[in-house]
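This report describes how selected helices of one protein chain are arranged. Please keep the structure in view while reading.

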Amino acid sequence: MTIKNQRFPIWRTIQISMLALAVWVFGAMAFMPAFKSHSTRLVMLIVLITCLIIVARLTRKDNYRSYLIAAIASVVGAPAYYLISPVTGHGEWVFALIVIAISSQWGTRPGLLAAVLSAIEYGFFTYYQTGAVTDAFILAGLFSVSALIIGTLVKHREIALVARAHLADELEKTSETTLIALTRALDARDQDTEGHSERTAILAVEIGREMGLKEADLRSLHLAALLHDIGKIGISDAVLHKPGPLDEQEMALIHKHPQIGYDILKNIPFLNPALDTVLHHHEKYNGKGYPNELSGDSISLPARILSVVDVYDALTSHRPYRAAFPSETALEMIREEAGQQFDPQVVQVLVRILADKKKTGK
Ligand SMILES: [Fe+2]
């Protein structure tokens with residue numbers, strides 16, 4: 001997000017205003033019946049074209065589009081005023097609308113340019129019709145004040161929006177850093193799972209991106225993957241790190257960790273979109289998982305992705321009771337479970353991503 005026209009220098013505004021004014025004056029003079037001599041008209045036209053070229057060159061640089069539009073809108077406003085005035089009695093509102101539209105869209109300076117040009121045009125008309133220009137001065141003041149007020153309000157709103165976006169961004173970054181620290185602390189509890197959450201998060205997002213998840217869903221998947229085993233905090237080390245096989249009761253305790261994780265995170269608003277994935281990362285494609293025995297597409301895609309990556313990372317990591325499996329062996333084991341424990345499409349994408357990585361050596 002950027003603040004429009006924030007760095008536009010005032011002297012550039014004056015330069016553009018003067019040139020736009022010159023374009024208008026010489027353009028008007030070149031076609032005025034008072035100038036009967038062809039050579040005078042030719043000179044006027046040459047000056048007009050030169051001014052147009054300079055304006056075009058200037059507007060090509062930096063952020064001049066809004067000034068060009070302001071100038072064009074004001075010039076277009078003149079015939080509109082000319083046509084509307086005899087019908088409605090007053091056509092000044094055409095210029096007023098232009099000034100309001102320009103200043104609310106692009107801020108004070110382009111608005112002021114539109115105000116000055118509109119007032120001058122209006123001045124020309126009233127001078128030729130009545131011989132007086134007082135109204136034009138009054139309108140010039142009104143238009144300029146409107147442009148200043150509207151432009152300032154718009155700019156303040158934009159600054160507030162930028163500040164808010166910046167603050168939200170900072171807050172999100174801080175929250176994410178805190179979460180990463182938390183997951184590292186969690187992983188460090190068990191040396192064998194160190195780095196598991198972060199590795200899982202990276203690979204899960206890669207698969208999610210490949211499978212067409214939107215940016216917001218990828219962010220949630222990243223958070224869910226970082227925090228998926230946070231519920232293990234509520235399970236005693238005696239069960240969690242038991243060297244031998246677990247009995248039924250202990251297994252039931254382990255099976256509670258997705259629900260415990262869900263309960264820990266459910267009151268943190270920005271984690272709400274990640275909750276479902278945390279809760280269902282141990283569901284199986286064939287419906288034999290936990291905690292809800294969901295099956296197939298009733299398990300969300302992020303949860304199906306996380307389920308595969310979680311197991312792949314566990315298989316390729318060292319455990320006290322076994323060495324880490326090589327990637328190919330782990331993939332073969334996962335492939336065997338495609339359609340059973342895992343979504344076959346997710347497995348296919350994992351295989352493809354890992355093959356690509358191998359090829360590119362990443
Ligand atoms: Fe888990």
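Two helices count as roughly perpendicular when the angle between them is 65 to 115 degrees. The model discussed here is predicted, and this angular range is applied below to one of its helix pairs.

**The chain as a whole**

The chain contains 15 helices and zero strands. Of its 362 residues, 30% are buried. Among contacts with a separation of 6 or more, 64% join residues that are 24 or more positions apart.

**Helix H7 and its surroundings**

Helix H7 covers residues 196-210, which makes 15 residues. From its first C-alpha to its last, H7 reaches 21 Å, close to the expected 21 Å at 1.5 Å a residue. Just after H7, Gly-212 adopts a positive phi of about 85°.

Which residues of H7 are buried? They are His-196, Ser-197, Thr-200, Ala-201, Leu-203, Ala-204, Val-205, Ile-207 and Gly-208. The cover over these buried residues includes helix H6 (134-188), helix H8 (215-227), H13 and H15.

**Two helix pairs involving H15**

The table lists the packing values for H15 with H7 and for H15 with H13.

| Pair | Angle | Distance between axes |
|---|---|---|
| H7 and H15 | about 110° | 10 Å |
| H13 and H15 | about 50° | 9 Å |

The angle between H7 and H15 is about 110°. H7 and H15 are therefore roughly perpendicular to each other. On the H7 side, the contact is made by Glu-206, Ile-207 and Glu-210, and on the H15 side by Val-346, Val-349, Leu-350 and Ile-353. By class, the residues of this contact between H7 and H15 are five nonpolar, no polar and two charged. Ile-207 is thus named both among the buried residues of H7 and in the contact of H7 with H15.

Helix H13 spans residues 301-315, and helix H15 spans residues 344-360. How are H13 and H15 oriented, oblique or roughly perpendicular to each other? Their angle of about 50° lies outside the range of 65 to 115 degrees for roughly perpendicular helices; H13 and H15 are therefore oblique to each other. The crossing of H13 and H15 is right-handed. In this pair, Arg-304, Ile-305, Val-308 and Tyr-312 of H13 meet Val-346, Val-347 and Leu-350 of H15. The contact of H13 with H15 comprises six nonpolar residues, no polar residues and one charged residue.

Val-346 and Leu-350 of H15 take part in the contact with H13, and Val-346 and Leu-350 also take part in the contact with H7.

Terms used. Residues are numbered from 1 along each chain as its sequence is written. This is a predicted model: local features need pLDDT of at least 70, side-chain atom pairs count only at pLDDT 80 or more; totals for chains, interfaces and linings use all residues. Helices (H or I, at least four residues) and strands (E, at least two) are DSSP runs, numbered from the N terminus. A residue is buried if 20 or more other C-beta atoms lie within 10 Å of its own, exposed if 12 or fewer, and partly exposed in between; C-beta atoms are placed from the backbone. Two residues are in contact if their C-beta atoms, placed from the backbone, lie within 7 Å. Axes are lines fitted to C-alpha atoms, for helices over the stretch in contact, and angles run from 0 to 180 degrees between N-to-C directions. Angles under 35 degrees count as roughly parallel, over 145 as roughly antiparallel, 65 to 115 as roughly perpendicular and the rest as oblique. A crossing is left-handed if the near helix is turned anticlockwise from the far one by less than a right angle, and right-handed if clockwise. Ala, Val, Leu, Ile, Met, Phe, Trp, Tyr, Cys and Pro count as nonpolar, Asp, Glu, Lys and Arg as charged, and the others, Gly among them, as polar. The expected span of a helix is 1.5 Å times one less than its number of residues.
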